[in-house]
Amino acid sequence: MTFSASAARQAAEYAAASLGFSAMGVAPALIDQGTHLADWIAEGQHADMQWMERHLPARQNPQLVLPGVRSIIMLCYDYARVDARKADGHIARYAQGEDYHKLLAAKLADIDETLQFYGGVQRCFTDSGPVSERFFAAQAGLGWIGRNGLLIHPKRGSYCFLASILTTLELPCDQAMVNRCGHCHRCEQACPTGALKNGCCDARKCLSYWTIEAKVNTPHHIAAAQGDRLYGCDICQEVCPWNRPKNASKIDPRLLMPATLKKLSTTRLNELDDDEFTRLFENSPIRRIGADHLRRNIQSLH
């Protein structure tokens with residue numbers, strides 16, 4: 001039995017919507033990505049994230065990830081725009097609930113199964129593989145890449161996770177969206193370390209990098225600008241005019257901050273032993289940095 005590409009896409013859209021994804025778009029897999037990412041790495045703006053350098057060839061050529069790939073399906077899954085934390089120590093909104101990697105992996109597997117019915121072979125990722133997700137999301141018409149380096153949609157803003165499905169099916173593609181940042185530079189001006197410039201984020205200056213990815217102690221000049229940022233940083237999103245409206249769709253309750261963490265002070269967080277840390281953050285992306293890194297972040301707070 002032969003199915004049309006339109007039927008396969010419609011089935012994927014239906015599955016995505018039923019699983020809670022707020023948007024879906026499709027981009028051609030074999031499209032020139034330019035030298036933006038390679039230049040960013042060549043300038044050292046990826047700091048010590050050597051995996052970015054190792055995976056560069058695959059990011060620029062999806063055929064190395066899935067031989068025979070023709071289309072890349074991009075999906076958005078919204079998380080809360082409102083900061084739920086009531087105690088001191090800011091935690092980035094994306095990390096206030098359960099680990100999105102695990103949550104979305106199961107959903108992507110369901111869409112994969114749907115596409116298999118139409119003869120497709122897929123590989124699925126959510127911030128977990130060598131795929132230029134923001135680039136392909138922009139090409140798939142899900143928004144534009146703003147001056148803060150994030151995908152921005154005029155209605156949904158930037159508070160969303162991106163997930164990608166590489167498929168051997170040749171699906172109808174969407175048109176890229178026009179960049180609508182205009183003359184606004186609020187994110188660049190608000191960044192306390194000056195990490196943002198021309199749509200790029202220099203990880204060497206980024207508070208998210210230092211509070212999550214860095215393996216060494218935070219330099220004094222970065223710590224001085226850290227403020228109350230305990231894990232991650234939402235400043236460039238908080239000041240973005242496109243994030244002013246509240247979430248249009250219902251937020252998955254698993255992505256909301258548990259009551260215990262809402263009120264737990266940084267003093268108490270600093271006192272957690274390794275076992276307490278593991279229990280508290282068992283299903284959280286924060287668990288990945290470990291108790292020692294969290295304590296280091298607390299000690300850098302101002």
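This tour visits a charged residue, two cysteines and a group of aromatic rings in a predicted model.

**Stop one: Arg156**

Begin by selecting Arg156, which is found in the loop between strands β6 (151-152) and β7 (160-167). Is this residue buried or exposed? Arg156 is buried, yet it has no salt bridge. Now add Asp78 to the selection: this is the nearest side chain of opposite charge, and it is 4.6 Å away. Because a salt bridge requires a side-chain nitrogen of Lys or Arg within 4 Å of a carboxyl oxygen of Asp or Glu, the pair is not counted as one.

Next, display the surroundings of Arg156. Leaving aside neighbours within four places in sequence, Arg156 is in contact with Ser22, Ala23, Cys76, Asp78, Arg81, Leu142 and Asn243. Asp78 therefore belongs to the contacts of Arg156, since contact means heavy atoms within 4.5 Å.**Stop two: the cysteines**

Select the cysteines next. How many disulfides does the whole structure hold? A search finds zero. Centre the view on Cys187 and show its sulfur. The closest cysteine sulfur, in Cys236, is 6.4 Å away, which is too far for a bond. Cys187 counts as buried, at 9% relative accessibility.

Move to Cys201, which is in no disulfide either. Here the nearest cysteine sulfur is that of Cys206, 3.8 Å away. A disulfide needs the two sulfur atoms within 2.5 Å, so a distance of 3.8 Å does not qualify. Cys201 is partly exposed, with a relative accessible area of 24%.

**Stop three: the aromatic rings**

Finally, show the side chains of the aromatic residues. The count comes to eleven aromatic pairs. Select Tyr100 and Phe161, whose ring centres are 4.2 Å apart. Their planes are at 10 degrees, so the pair is stacked. Where in the chain do these two residues lie? Tyr100 is in helix α5 (residues 100-117) and Phe161 is in strand β7, 61 residues apart, so that the pair links distant parts of the chain. Tyr100 is buried, with a relative accessible area of 7%, and Phe161 is buried as well, with 5%.

For another arrangement, select Phe117 and Tyr118. The centres of these rings are 5.3 Å apart and their planes are at 85 degrees, so the pair is edge-to-face. Phe117 is exposed, with a relative accessible area of 55%.

To end the tour, select Tyr79, Tyr94, Tyr100, Tyr159, Phe161 and Tyr231 together. Ring pairs link these six residues into a cluster, and the stacked pair of Tyr100 and Phe161 can be found among its members.

Definitions and conventions
Residues numbered from 1 in each chain as written. Predicted model: local features only at pLDDT ≥ 70, side-chain atom pairs only at ≥ 80, totals over all residues. Heavy atoms only, no water. Helix = DSSP H or I, 4+ residues; strand = E, 2+ residues; numbered from the N terminus. Buried < 20%, exposed > 50% of the residue type's maximum accessible area, 1.4 Å probe, protein only. Lys, Arg positive; Asp, Glu negative; His and termini not counted. Phe/Tyr/Trp six-rings, centres within 6.5 Å; stacked < 30°, edge-to-face > 60°.
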